[in-house]
Amino acid sequence: MKQSTFTILTQRPLTDAVYELRLQGDTSAITRPGQFVNIKLSGLYLRRPISVCDVQGDVLTLIYKVVGKGTAQLAAMQSGQTLDLLTGLGNGYDLDLSGDCPLLIGGGVGVPPLYWLAKQLRAQGKQVSVILGFNTKSEIFYEEAFRALGCETTVTTVDGSCGVKGFVTNAMDLAYTHVYSCGPEPMLRAVFRACKTGGSFSFEERMGCGFGACMGCSCKTVTGYKRICREGPVLQKEEILWTD
């Protein structure tokens with residue numbers, strides 16, 4: 001973990017509520033796709049955790065959804081302003097598990113951490129398939145970004161306004177060697193049940209400190225309690241214990 005000051009390079013809306021933020025600073029502590037950063041915002045006690053979307057040298061890309069006071073404050077910030085970040089947080093995805101034909105499945109704001117993962121897997125020569133799930137056409141983002149990497153990309157929408165109608169599991173009938181997934185828990189549960197191989201699942205959880213000190217984001221696994229912010233957010237299929 002490292003605390004650093006980052007400067008905002010650009011900020012742009014991707015949808016009505018989702019923003020892409022590009023920052024410049026010390027990214028050396030960010031070593032794996034699936035890790036996250038914790039952002040300090042003025043007047044707010046708790047930092048806001050946001051998944052890493054991409055890293056290129058000293059440029060960090062984050063994608064977030066405005067859902068409350070903290071993210072609304074972040075969305076109002078402009079190029080040239082600075083932010084205090086904790087970087088290198090969380091246990092990210094293990095690329096060695098991918099096999100030759102990994103499948104990446106993201107739902108809503110669970111999509112961003114899969115972009116850097118896809119980028120690295122493609123650099124290794126892997127045949128990457130991606131399923132992006134949204135509620136409706138107006139919420140879709142980064143579809144073309146994944147296609148530009150050379151990923152076979154499928155979009156699903158619950159209302160059928162774009163791509164495959166239904167949920168991400170409605171598009172999982174293809175060959176794959178490992179599943180990497182990130183999104184809301186109902187989606188992760190469904191992917192877990194449909195997954196025919198090993199899987200790496202990134203969980204969303206309310207975090208206090210973000211680095212394992214407060215134990216506020218602990219969850220029970222088959223090997224005991226683990227902290228989503230420290231031992232997670234990525235857990236392996238075989239260790240996940242659903243509570244109901």
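Modeller: Two parts of the chain are in contact here when their heavy atoms lie within 4.5 Å. The model under discussion is a predicted one.

Colleague: What do the buried residues of H4 pack against?

Modeller: Under that contact rule, the buried residues of H4 pack against three strands: E7 (103-107), E11 (179-182) and E12 (199-202). The buried residues in question are Met187, Leu188, Arg189, Val191 and Phe192.

Colleague: What makes the pairing of arginine 47 with aspartate 84 a salt bridge?

Modeller: The rule asks for a side-chain nitrogen of Lys or Arg within 4 Å of a carboxyl oxygen of Asp or Glu. For arginine 47 and aspartate 84 the N to O distance is 2.9 Å, so the pair satisfies the rule. These partners stand 37 residues apart, arginine 47 in the loop between strand E3 (36-40) and E4, and aspartate 84 in strand E6. Both arginine 47 and aspartate 84 are buried.

Colleague: How many salt bridges does this rule give?

Modeller: The count is 7 salt bridges. One of them joins lysine 119 to aspartate 54, with 2.9 Å from N to O. This pair also links distant parts of the chain, as lysine 119 belongs to helix H2 and aspartate 54 to strand E4, 65 residues apart.

Colleague: Why is aspartate 54 called buried, and why does lysine 119 count as partly exposed?

Modeller: Buried means under 20% relative accessible area, and partly exposed covers the range from there up to 50%. Aspartate 54 has a relative accessible area of 5% and is therefore buried. Lysine 119 stands at 23% relative accessibility and so counts as partly exposed.

Colleague: How do you know that glutamate 143 and arginine 147 form a salt bridge?

Modeller: Their closest N and O atoms are 2.6 Å apart, and the limit is 4 Å, so the pair qualifies. Glutamate 143 and arginine 147 are 4 residues apart in helix H3 (residues 143-148), which means that about one helical turn separates them. An α-helix has 3.6 residues a turn, so residues three or four places apart point the same way. Glutamate 143, with a relative accessible area of 17%, is buried, whereas arginine 147, at 35% relative accessibility, counts as partly exposed. Glu143, Glu144 and Arg147 are linked in a network of salt bridges.

Colleague: Which residues lie closest to the centre of the largest pocket, and what is its volume?

Modeller: The volume is about 1,400 Å³. The residues closest to the centre, of the 50 in the lining, are Lys65, Val67, Val109, Gly110 and Glu204. Strand E4 gives the most to this lining, with 4 residues. The lining divides into 25 nonpolar, 16 polar and 9 charged residues.

Colleague: How do you know that both domain 1 (2-89) and domain 2 (95-197) take part in that lining?

Modeller: The lining of the largest pocket draws at least three residues from each of these domains.

Colleague: What makes up the lining of the second largest pocket?

Modeller: There are 14 lining residues, with Glu185, Phe203, Cys219, Leu241 and Thr243 nearest the centre. H4 and strand E13 (218-221) are the elements that give two or more residues to this lining, and E13 supplies the largest share, 3 residues. By class, the lining of the second largest pocket holds 7 nonpolar, 2 polar and 5 charged residues. The space in this pocket is about 210 Å³.

Key
Residues numbered from 1 in each chain as written. Predicted model: local features only at pLDDT ≥ 70, side-chain atom pairs only at ≥ 80, totals over all residues. Heavy atoms only, no water. 1 Å grid on protein atoms, 1.4 Å probe; cavity = no way out; pocket = protein on both sides within 12 Å on 5 of 7 lines; lining within 4 Å. Points joined across faces, edges and corners; volume = space filled by probe spheres on them. Nonpolar A, V, L, I, M, F, W, Y, C, P; charged D, E, K, R; others polar. Domains from an automatic or database assignment. Buried < 20%, exposed > 50% of the residue type's maximum accessible area, 1.4 Å probe, protein only.
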